[in-house]
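The following note is intended for a colleague who is beginning to read protein structures. Please keep the sequence and the model in view while going through the points.

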Amino acid sequence: MADLTTTFAGVRSPNPFWLASAPPSNSGSQVHRAFEAGWGGAVWKTIGPPVLNVSNRYGAWHYGGQRMLAINNVELISDRPLEVNLREITEVKRAWPDRAVIASVMVESKPEAWHEIVRRVEDTGADGMELNYGCPHGMSERGMGAAVGQDPGYCQEITSWVTAVAKIPVIVKLTPNITNIVVPARAAIAGGASALSLINTINSIAAVDLNTFELTPSIGGKGGHGGYAGPAVKPVALNMLAALGADSVVGKSGLPISGMGGITTWQDAAEFLLLGASSVQVCTAVMHYGFRIVEDLCDGLSNWMDEKGLATIGDVIGKSLPRVSDFKDFDLSYRAVARIDEAKCIKCNLCYVACNDTAHQCIDLIDSSGAAVVPYGYDVRSNGKDEAVSKRPQPRVREDDCVGCRLCYNVCPVEKCIAMVDAPSGRESVTWDELMQSNPELGEDWEAMKAYREKHGIHVH
Amino acid sequence: MDSKGLQETHPPLTAHEALVEANRCLYCFDAPCMHACPTHIDIPRFIKKIATENLRGSARTILEANLLGATCARVCPVQELCEGACVLGAEHKPIAIGRLQRHAMDSVNDRGRSMIPVAGPSGRQVAVVGAGPAGLSCAGELAKRGHAVTVFEKRDLAGGLSTYGIIGLREPVETSLGEVRMIEGLGVRVETNQALGRDFVLADLQGRFDAVFLSVGLGTTPEMTIPGEEFVLDGLAYIEDSKLNPGGMKIGRHVAVIGAGNTAIDCATVAVRLGAERVTMIYRRTAEEMTAYLHEYEFIKNEGVEFRFLTQPVRVLAPGGHVTGLDCVRMELGEADASGRRAPRMVPGSEFTIETDQVVKAVGQEKPWAALGLARAKGFISVNEEFETSLRGVFAGGDCIRARGTASTVMAVQDGKLAAAAIHQRITEGAN
């Protein structure tokens, strides 16, 4: 059995799965139940100044019959009194000494306000605190949340106010609503942060109601941008996580990163760990299915680690980071082609239409005599399943023409039916960067590029 | 036996069920379901429109290919057609195409008319004889092209077998009549109680119209020529009663149905659903040679109906006019006959009696079209590739030309559609 024990900025937890600072960690009773279900830690819903919430605060994006591929919210930080939250944090930590209890905090941008909250959080016995620099709605209009995270100067300054007095680890939570995630991360490091976490939610409008023309959800006839989270944001989060992992300043700092953004399954979590997260936080999946999902998060991760011979979480963290690269360093001579397993193929022809209409026109429909046929070519007098099935052509890739774009692989609905097969180009390995050093004219002159392609037998369709 | 009545077997899909099922469709390109459909409805297109809650567009997609989409959604043997060809059938459950089509069609009801564009008047007139699916399809397609179409129907109600011959469990009368109203809405004139050969002859129409389309279906159930046959009920009349006069219908306690085609199964369904204690189907060959669809056979077995294969009725016992039994002989299969099926022959000395108080026969239909003077094949009216009979300007389609293959509503609809294209070509080319 793999050891899931996690140590993050000195904070220990029995597994890397923490509730993110969000509605699931809104109260002591909820966090108690989450810990009973097996969660390794919880980042308390952000505590701070008084707020008032509105109804219809959660929107969602559903697609193709799948509910809540993403959620969108205009909920503010905790609307329960600070004293109540602090008391419950104290009680929960006392009851669960082996779990990570982190207080998420956000106060006015004044040193004394931050010093005060640090002192009060430390009095609860919490293991650490997370600075909410990401909330993109409501609080940012009051100069907090994303208003801080989006300004590296504020980010560094406020972080330093906190770290000047804090005795417990300080995690800075980054907003994704910026151009380059590395800039605020470096600011947090300069401010003395002990750790980073990302991503907070993304600015979004969930939908427009086609009957009323109001935004969805409608808050008394009005609507606005809210924070976007859930499965749909995972690729955005992974990219930002990898960007930090690839940054020299962040790397040299050695700061651990708590990853989040759309984690729903243990596979998602494993991907975050592989790209450098040392703990992961979950919100939307819990809001969809409840605390019980932690059982398979742990079980699935543990089984996978056993299968891969990875004994500890430390063995997983960052294992894929060396694979993160830029386009300029990719091998331009690498070639793969799509191959359809005709025994598995159900002849839906989705690969055909995708390739033919939008890619490189290199899949043919082949009849039983081996000839390419045109779609919809059957006799209008034909009828019945026997002819429709027996005369159905087989999609087949013309591998010589295939550029290996991988679109067909992505649209195919059948598991392992289309494979991307290595098809060595026979050309010497070369990157764009190397090419620009040896043949800089190739980046400027199409005639030079044409000559280069001809010389190296590179055909573009 | 439990009497479940003859209301439609499948309840309509709820909007949510339809959405879930529509989203399961892969949206195949050049889809096999579309190929398998005799009218080649663009099935993935209409299903995706259900998924986007564009029901109006979905219904229009169906109607563009098949004006009788509401009937076909209910009566098509989808296992043999679209659903049988679904790519999900091999490892999963095929998409419920028939039920989705019904969902789309029901959403517009007979307002379908409003979404079908009709061309301006062409000045041409076409007569259609018989208001069954082939006739209505042909009439509607011609009306869309601006031709003035008159349909002559011998019965009180239009709709043909959809109205009179499809058991209510599959299609209520109202669905069929709704389609008739939609076709009329396209400008088609339907004259009922007008029978070919009784109220008019073919030559009358040839004089008055630019073209004629015969969609006259088939006739009554043929004679078996056995003693006591006058006490045997006609299967088609039996089904018709169950649709139009179920209250006044008398169902036997033990009903014997002679035949093993789809109509025979419908008769057995009527009997079992309307209160017969026991229903026995009698067929002179075996399950292998039955012409009924396999899914129909499975269905009727689940209804608790018994089968007597290799059994030939020879005499109806009806002392004092009351049926008490059916004398039969056992059969055995010999060499293959002209139809490719092994011919049954009597086993000498094997006579026995089935106790029954009601005998229904469904052993095919007559082909009573000799008097029309048209070329025929095996009794069916012969047509060329353009659905034209041996008489120039007289076209035909539907069951009356179905010399090969299984007759079905959807095939009749396609005949009507293709014939309409040929008729349009003919009457607009100026050569006529």
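**Notes on chains A and B**

1. In chain A, strand 9 (residues 170-173) and strand 10 run parallel and are joined by three bridges. The model under discussion is a predicted one. Within this pair, A:Lys173 of chain A has A:Ser197 of strand 10 opposite to it.

2. How is strand 9 of chain A connected to strand 10 of chain A in a β-α-β unit, and with which hand? Helix 6 (residues 182-190) of chain A completes the unit with these two strands, and the unit is right-handed.

3. Strand 10 of chain A also pairs with strand 15 (residues 257-260) of chain A, in the parallel sense and over three bridges. Here A:Ser197 stands opposite A:Ser258 of strand 15. A:Ser197 is thus a useful residue to locate on the model, as it faces A:Lys173 and also A:Ser258.

4. In a regular strand, side chains alternate between the two faces of the sheet. Strand 10 (residues 195-198) of chain A may be read in this light: A:Ala195 and A:Ser197 point one way, while A:Leu196 and A:Leu198 point the other way. Are these four residues buried or exposed? All of them are buried.

5. Turning to chain A as a whole, its secondary structure consists of 17 helices and 20 strands. Its C-alpha atoms occupy a box of roughly 80 × 60 × 50 Å along the principal axes. Of its 461 residues, 49% are buried. The area that chain A exposes is about 21,800 Å², and carbon and sulfur atoms supply 51% of this area. Among contacts between residues at least 6 apart in sequence, 73% join residues at least 24 apart.

6. Chain B contains an open sheet of five strands, with parallel pairing and the order 3-2-1-4-16. Which strands stand at its edges? They are strand 3 (189-191) and strand 16 (394-396) of chain B; each has a single partner strand, so one side of each lacks a neighbour in the sheet. On average, neighbouring strands of the sheet are turned by 20° against each other, direction ignored.

7. Within this sheet, strand 1 (residues 125-129) and strand 2 (residues 148-152) of chain B are paired in the parallel sense over five bridges. One example is B:Ala127, whose bridge partner in strand 2 is B:Thr150. Helix 8 (residues 133-144) of chain B packs on the sheet and touches strand 1, strand 2 and strand 4 (211-214) of chain B. The direction of helix 8 makes about 165° with that of strand 2 of chain B.

8. A further helix of chain B, helix 15 (residues 409-428), lies across strand 1, strand 4 and strand 16 of that chain. Helix 15 runs at about 170° to strand 4 of chain B.

9. Chain B as a whole has 15 helices and 16 strands. Its radius of gyration is 22 Å, close to the 22 Å given by the globule rule for 432 residues, so chain B is as compact as a globular protein of that length. Along the principal axes its C-alpha trace spans about 70 × 55 × 45 Å.

10. Finally, 58% of the 432 residues of chain B count as buried. Chain B exposes about 18,000 Å², of which carbon and sulfur atoms supply 49%. Of the contacts in chain B with a separation of 6 or more, 70% are between residues 24 or more positions apart.

Conventions
Residues numbered from 1 in each chain as written. Chains lettered and ligands numbered in written order. Heavy atoms only, no water. Pairing = 2+ DSSP bridges. Axes fitted to C-alpha atoms, helices over the stretch in contact; angles between N-to-C directions. Contact = heavy atoms within 4.5 Å. Buried < 20%, exposed > 50% of the residue type's maximum accessible area, 1.4 Å probe, protein only. Right-handed = clockwise from strand over helix to strand, strands pointing away. Rg over C-alpha atoms; globule rule 2.2 N^0.38 Å. Areas by Shrake-Rupley, 256 points an atom, 1.4 Å probe, with all protein chains shown as cover.
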